[in-house]
Amino acid sequence: MMGQTGVDVPGGTMNEQRIAIITDSGTDTGATFCRKHDVRVLPLRINYSNGDTYRSGVDIDSHEVIRRFGEEVPTTSLPSPDEILETLRQAKRDGYERAVIITIASALSATNQTAQLMAEQMDDFPCLVFDTRNIGMVAGMVVMRAVEYVEGGVPFEGLEGRLREDARRTSIFFAVKSLDYLYKGGRISAAIYRVGSVLNIKPVLTCDENGAYVIAKKAHGWDRALGTLVRSVALKANRFTHVRLAICCTEVTRHMREELERRIRKAVNAHIDCLLYHDLKPDLIVHTGPDLVGMGVQGL
């Protein structure tokens with residue numbers, strides 16, 4: 001597809017500033033949005049013990065990961081340094097002059113640190129590597145803001161400060177029926193795991209200021225956890241006059257989406273500029289299991 005500058009850009013239209021937007025699949029940025037705005041996605045890897053390795057969302061989908069849970073819970077790994085470097089080089093070949101690389105929390109993945117190292121190898125191609133300190137759909141909200149800024153003419157030098165403020169105004173809350181996947185994958189501490197292992201307590205989790213998973217609230221039972229989830233999002237949303245919301249489910253919990261939307265619209269007083277729907281990406285479902293329900297909020 002021909003970009004506005006006349007340079008051939010795969011999948012989308014180059015912005016006038018020629019700033020490439022690159023992210024990893026863990027930010028769960030919508031595929032249609034990425035195609036339209038030429039956001040380039042580095043897929044995380046899903047690895048099985050027999051040596052099979054898949055690119056998340058490219059070679060394997062969430063349905064297949066869930067189907068194979070009965071046989072094995074795979075591991076995940078970050079994009080290779082060579083893949084990150086080649087993505088940057090390709091962006092430069094395509095006519096971009098600078099890049100913003102937006103990643104999931106460095107507390108949860110080494111993608112950010114690796115991207116920093118690869119960006120330093122790019123001569124005459126300035127790169128901003130930004131840590132959202134979050135994950136999934138809400139990290140994707142930060143990607144969306146980056147696109148809005150770049151296409152709106154915000155200069156490259158002004159992007160980091162704005163994105164840092166957006167990340168501060170963006171929160172995720174989620175609940176799972178079993179903490180086994182998060183614990184075995186090293187995403188939560190033994191202390192959090194113990195809380196969810198007694199008396200049917202279902203913690204609602206969020207990311208702290210560094211991006212690590214922490215308990216936001218505790219609820220007794222799954223139904224109460226969902227109510228607590230909605231109230232947590234509404235409490236955050238009602239601090240702002242305008243918000244962007246998101247609901248994330250899996251194929252197992254997708255039937256709850258309509259009810260969650262009804263409840264969150266009733267609870268939020270702020271103007272909802274948009275409400276996004278996400279199905280959990282394969283690389284994220286590996287660590288959460290099939291029974292996740294998540295909600296995100298971004299103050300605008």
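**Exercise 1. At least how many residues does the lining of the second largest pocket draw from each of domain 1 and domain 2?**

Before we start, keep in mind that this is a predicted model.

Step 1: Get the domains straight. The protein chain splits into domain 1 (19-43 + 80-168) and domain 2 (169-299).

Step 2: Look at the pocket itself. The second largest pocket holds about 580 Å³ of space. It is lined by 26 residues, and the closest to its centre are Ala167, Arg168, Thr170, Asp208 and Glu209.

Step 3: Go through the helices and strands. At least two lining residues come from each of α4 (111-119), β7 (127-131), α6 (159-168), β8 (170-175), β9 (201-207), β10 (213-220) and α9 (222-237).

Step 4: Put it together. Each of domain 1 and domain 2 supplies at least three residues to the lining of the second largest pocket. As for chemistry, that lining divides into 8 nonpolar, 8 polar and 10 charged residues.

**Exercise 2. Work out where the largest pocket lies with respect to the two domains, and what lines it.**

Step 1: Start with volume. The largest pocket comes to about 690 Å³.

Step 2: Find the middle. Out of 31 lining residues, Thr29, Gly30, Ala31, Cys34 and Val41 are the closest to the centre of this pocket.

Step 3: Check who contributes. α1 (31-37), β2 (39-42), α3 (81-93) and β12 (271-279) each hand over at least two residues. The biggest giver is α1, with 5 residues.

Step 4: Sort the lining by type. You get 12 nonpolar, 11 polar and 8 charged residues.

Step 5: Place the pocket. Domain 1 (19-43 + 80-168) and domain 2 (169-299) both give residues to the lining of the largest pocket, so this pocket lies between them.

**Exercise 3. Describe how domain 1 and domain 2 meet, and find the core they share.**

Step 1: Take the spacing. The centres of domain 1 and domain 2, taken over C-alpha atoms, are 24 Å apart.

Step 2: Look at the contacts. On one side there are 23 residues of domain 1, and they are in contact with 29 residues of domain 2.

Step 3: Go to the largest nonpolar core. It has 53 residues, and Val100, Leu159 and Leu163 touch the most other members. Helix α5 gives the most to this core, with 10 residues.

Step 4: Place the core. Since domain 1 (19-43 + 80-168) and domain 2 (169-299) both give residues to this core, it lies between them.

Step 5: Zoom in on Val100. Leaving out residues up to four places away in sequence, Val100 touches Ile19, Ala20, Ile21, Ile22, Leu128, Phe156, Leu159 and Leu163.

Step 6: Don't miss the other core. A second, separate one has 27 residues, and these include Val204, Val233, Met256 and Val293.

**Exercise 4. Find the largest cavity and say which helix gives the most to its lining.**

Step 1: Count first. With a cut-off of 30 Å³ or more, there is 1 cavity.

Step 2: Give its volume. The largest cavity has about 40 Å³.

Step 3: Name the lining. Thr13, Asn15, Ile21, His37, Val147, Val150 and Glu151 surround this space. By type, they divide into 3 nonpolar, 3 polar and 1 charged.

Step 4: Pick the helix. Helix α5 (residues 136-151) gives the most to this lining, with 3 residues. You've met α5 before, as the element that gives the most to the largest nonpolar core. Ile21 is another familiar name: it lines the cavity, and it is one of the residues that Val100 touches.

Notes
Residues are numbered from 1 along each chain as its sequence is written. This is a predicted model: local features need pLDDT of at least 70, side-chain atom pairs count only at pLDDT 80 or more; totals for chains, interfaces and linings use all residues. Side-chain values use heavy atoms; hydrogens and water are left out. On a 1 Å grid over the protein atoms alone, a cavity is a set of points where a 1.4 Å probe fits but cannot get out, and a pocket is an open set with protein on both sides within 12 Å along at least five of seven lines; lining residues have an atom within 4 Å of a point. Grid points are joined across faces, edges and corners, and a volume is the space filled by probe spheres set on the points. Helices (H or I, at least four residues) and strands (E, at least two) are DSSP runs, numbered from the N terminus. Ala, Val, Leu, Ile, Met, Phe, Trp, Tyr, Cys and Pro count as nonpolar, Asp, Glu, Lys and Arg as charged, and the others, Gly among them, as polar. A nonpolar core is a set of buried Ala, Val, Leu, Ile, Met, Phe, Trp, Tyr and Cys residues joined through side-chain atoms within 4.5 Å. Buried means under 20% relative accessible area, exposed over 50%, partly exposed in between (1.4 Å probe, protein chains only). Domain bounds come from an automatic or database domain assignment. Contact means heavy atoms within 4.5 Å.
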